[in-house]
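Dear colleague,

I am passing on the structure that we spoke about, and my notes on it follow below. Please have it open while you read them.

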Amino acid sequence: MGDQRVVLRAVGARKARATQTGGKLIYERAYESTDTIELPAAAGSEELLLLHDQCAPLVYDYEVVDVAGIAGVVLEDGAHRVLPGVRS
């Protein structure tokens, strides 16, 4: 599992400084009226979007920019799921 990797790029995100608190990374105003909270873990990470008001975007796009050791990435129940590669 250690040789698997997926790199996503948040399309439309602004540059934002990360602050670390309680094991989380918080990017304030990464999008209009939206903070991004990253929850890192050994097996991957989770991203939460905190929408502050009605000015926050309703759609957030991501581009897959690099993959290694996997068969693909699918959207399942609102989350990206990595399909494991075939082991030889």
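How many bridges join β2 to strand β3, and in which direction do the two run? Before the answer, please keep in mind that this is a predicted model. In it, β2 is joined to strand β3, which covers residues 24-31, by 4 bridges, and the two strands run antiparallel. To find your way along this pair, you could start from Thr-19, whose bridge partner in β3 is Ile-26.

This pair belongs to an open sheet of 4 strands, which follow one another in the order β2-β3-β4-β5 with antiparallel pairing. The edges of the sheet are formed by β2, at residues 18-21, and β5, at residues 44-51, each of which pairs on one side only. On average, and with direction ignored, neighbouring strands of this sheet are turned by 25° against each other.

Towards the other edge, strand β4 (residues 34-41) is joined to β5 by 8 bridges, and these strands, too, run antiparallel. A hairpin leads from β4 to β5 through 2 residues, and Ala-41 has Gly-44 in β5 as its bridge partner.

Apart from the sheet, there is a surface feature to look at, namely a nonpolar patch formed by Leu-8, Val-64 and Val-67, which together have about 210 Å² of accessible area. Leu-8 lies in strand β1, which spans residues 5-11. Leu-8 counts as partly exposed because its relative accessibility is 36%, which falls between the limits of 20% for buried and 50% for exposed.

With best wishes

Note on methods. Residues numbered from 1 in each chain as written. Predicted model: local features only at pLDDT ≥ 70, side-chain atom pairs only at ≥ 80, totals over all residues. Heavy atoms only, no water. Pairing = 2+ DSSP bridges. Axes fitted to C-alpha atoms, helices over the stretch in contact; angles between N-to-C directions. Patch = residues over 30% accessible without salt bridge, like charges linked within 9 Å, V, L, I, M, F, W, Y side chains within 5 Å. Areas by Shrake-Rupley, 256 points an atom, 1.4 Å probe, with all protein chains shown as cover. Salt bridge = Lys/Arg side-chain N within 4 Å of Asp/Glu carboxyl O. Buried < 20%, exposed > 50% of the residue type's maximum accessible area, 1.4 Å probe, protein only.
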